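Could you walk me through this model one feature at a time? I would like the general idea each time, and then the case at hand.

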Amino acid sequence: MKILLQLFITFAKIGGLTFGGGLAMLPMLKHELVTKRDWVTEDEIMDYYAIGQCTPGIIAVNTATFVGYKKKGIIGGIVATLGMVTPSIVIILAIASLLEAFMDNAILQHALSGIRAAACALIVNTVITLAKKSFADVLCIIIFVAVLALSLAFSLPSVAVIAVAGLIGVVTGIIRARRAKA
Amino acid sequence: MNIFLLLFLEFFKVGLFAIGGGPATIPFLSELGEKYGWYTQEKLTTIIAISETTPGPVGINMATYVGYSTGTQVYGLWGGIVGGILATLALVAPSIIIICIISKFLASFRNNKIVNDAFYGIRPAVTALVACAVISLIKESIFTGADGGFEFNLFSTLLFAAIFVLLQFKKLKKLHPVFWFVGAAVLGIVFKL
């Protein structure tokens, strides 16, 4: 019971005190989980991160589930994840309800227009970062261009795109392995 | 179908298929807004900005906010609170199930050739999906007037371009997003964007 409470509090602290998910959380995770609590090793955290990036879902949540599971099985995984998301839920609901109440205010409208322009610039930068990480070779760039062109022209369901791209990756892997043998 | 049940099912699907963390959920959120009319793309851009500014994983913040926006439309404040909580729990449920299964076979999953090959193809596809969603966000947030038609707003475009250029400097890139948002908000008020 005590460990579950510790898991919840530790991850609530990480969720409530770090800005930005993904890699931005890594220093805080290391500090809380490796240095302070000795729950996992630094290598384990890096492994969880690597796997968390290539499994579905939010990376920070995947990492929390891994650590919780290691400490206390399935219930530990659930409790650690709930700890991670609780601060987000509380903070966002508070901000959202406040903001919606003043939505008709002209000054707020102008401020939000400015913020949206900034948000667009930041997201374009995120796309560039993603591109740098995902363009391993020419075939990757071809997949990127093809998917981008097709989804701009027709609105393709993302689920189908991901499934087909995964299949292309697997088939390419098989072909390359055969060629290497021959 | 009941809106809360629909919200839960849709976010469960996002949690199951969005591979690559927070940014990978953006194309799905964009799709949901278009499919059900729960929120506009312009509103989604505001949601993304607020989610990047507040503590916690960005993907979780976006899910809570989208759930809130959807719930309030039908049932007011309490509907929003229930919607926010439901969307978030639905988003993380698949993660919990998948990670608990993977934990059992950790070593073999990490070095599995098929898994690695699949991700070789998935990664650029996800980047393209996010790029496509971002293009529609930009179109509706910067180039759409109050009447919903195309509008070229010189100041918004300049602000967008200026911040993008500044972000290419390594030192400025490390600044917290809130810095850009506060600056842009002040400029937005001053120039009555």
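What follows is a conversation between a learner and a teacher about reading this model.

Q: Where should I start, and how are things labelled?
A: This is a predicted model, in which local features need pLDDT of at least 70 and side-chain atom pairs count only at pLDDT 80 or more, while totals for chains, interfaces and linings use all residues. Residues are numbered from 1 along each chain as its sequence is written, and chains are lettered from A and ligands numbered from 1 in the order in which they are written.

Q: What is pLDDT, and what does chain A average?
A: pLDDT is the predictor's confidence in each residue, from 0 to 100. Where pLDDT is low, the predicted coordinates should not be read in detail. Chain A averages 89, and 98% of the residues score at least 70. Among the elements of chain A, H3(A) has the lowest mean pLDDT, 80, and H6(A) has the highest, 94. Those elements are DSSP runs numbered from the N terminus: helices are H or I runs of at least four residues, and strands are E runs of at least two.

Q: Which elements of chain B have the lowest and the highest mean pLDDT?
A: Helix H5 of chain B (residues 106-110) has the lowest, at 73, and helix H1 of chain B (residues 3-17) the highest, at 95. For chain B the average pLDDT is 89, with 98% of the residues scoring at least 70. The model also scores ipTM 0.84 and pTM 0.85.

Q: How many helices and strands does chain B have?
A: Chain B has nine helices and zero strands. Its pattern along the sequence is α-α-α-α-α-α-α-α-α. The C-alpha atoms of chain B fill a box of roughly 55 × 45 × 30 Å, taken along the principal axes.

Q: Which domains is each chain divided into?
A: Domain bounds come from an automatic or database domain assignment. For chain A, that assignment gives domain 1 (2-101) and domain 2 (106-181); their centres, taken over C-alpha atoms, are separated by 26 Å. Chain B is divided into domain 1 (3-150) and domain 2 (153-193), with 24 Å between the centres over C-alpha atoms. The contact between these two domains of chain B takes four residues from domain 1 and seven residues from domain 2. On the domain 1 side, helix H3 of chain B (residues 41-53) gives the most, with three residues.

Q: How many residues does each chain bring to the contact between chains A and B?
A: Two residues are in contact if their C-beta atoms, placed from the backbone, lie within 7 Å. The contact takes 81 residues from chain A and 89 residues from chain B. On the chain A side, H1 (2-17), H3 (42-53), H4 (59-101), H5 (106-134), H6 (138-153) and H7 (158-181) each supply at least two residues. The largest share of that side, 23 residues, comes from H5(A). By class, the chain A side divides into 50 nonpolar, 27 polar and four charged residues. Here Ala, Val, Leu, Ile, Met, Phe, Trp, Tyr, Cys and Pro count as nonpolar, Asp, Glu, Lys and Arg as charged, and the others, Gly among them, as polar.

Q: How do I read two packed helices?
A: Two packed helices are described by the angle between their axes and the distance between the axes. Axes are lines fitted to C-alpha atoms, for helices over the stretch in contact, and angles run from 0 to 180 degrees between N-to-C directions. Angles under 35 degrees count as roughly parallel, over 145 as roughly antiparallel, 65 to 115 as roughly perpendicular and the rest as oblique. A crossing is left-handed if the near helix is turned anticlockwise from the far one by less than a right angle, and right-handed if clockwise.

Q: What does the pairing of H5(A) with H6(B) look like?
A: H5(A) and helix H6 of chain B (residues 113-142) pack at an angle of about 165 degrees, with their axes 10 Å apart. The two are therefore roughly antiparallel to each other, and H5(A) passes H6(B) in a left-handed crossing. Among the residues making the contact are Cys120(A) and Val124(A) of H5(A), and Val130(B) and Leu137(B) of H6(B). The contact has 14 nonpolar, three polar and three charged residues.

Q: At what angle do H3(A) and H4(A) cross?
A: Their axes cross at roughly 130 degrees and come within 9 Å, so H3(A) and H4(A) are oblique to each other. The crossing of H3(A) and H4(A) is right-handed. Tyr48(A), Tyr49(A), Gly52(A) and Gln53(A) in H3(A) meet residues of H4(A) that include Ile59(A) and Phe66(A).
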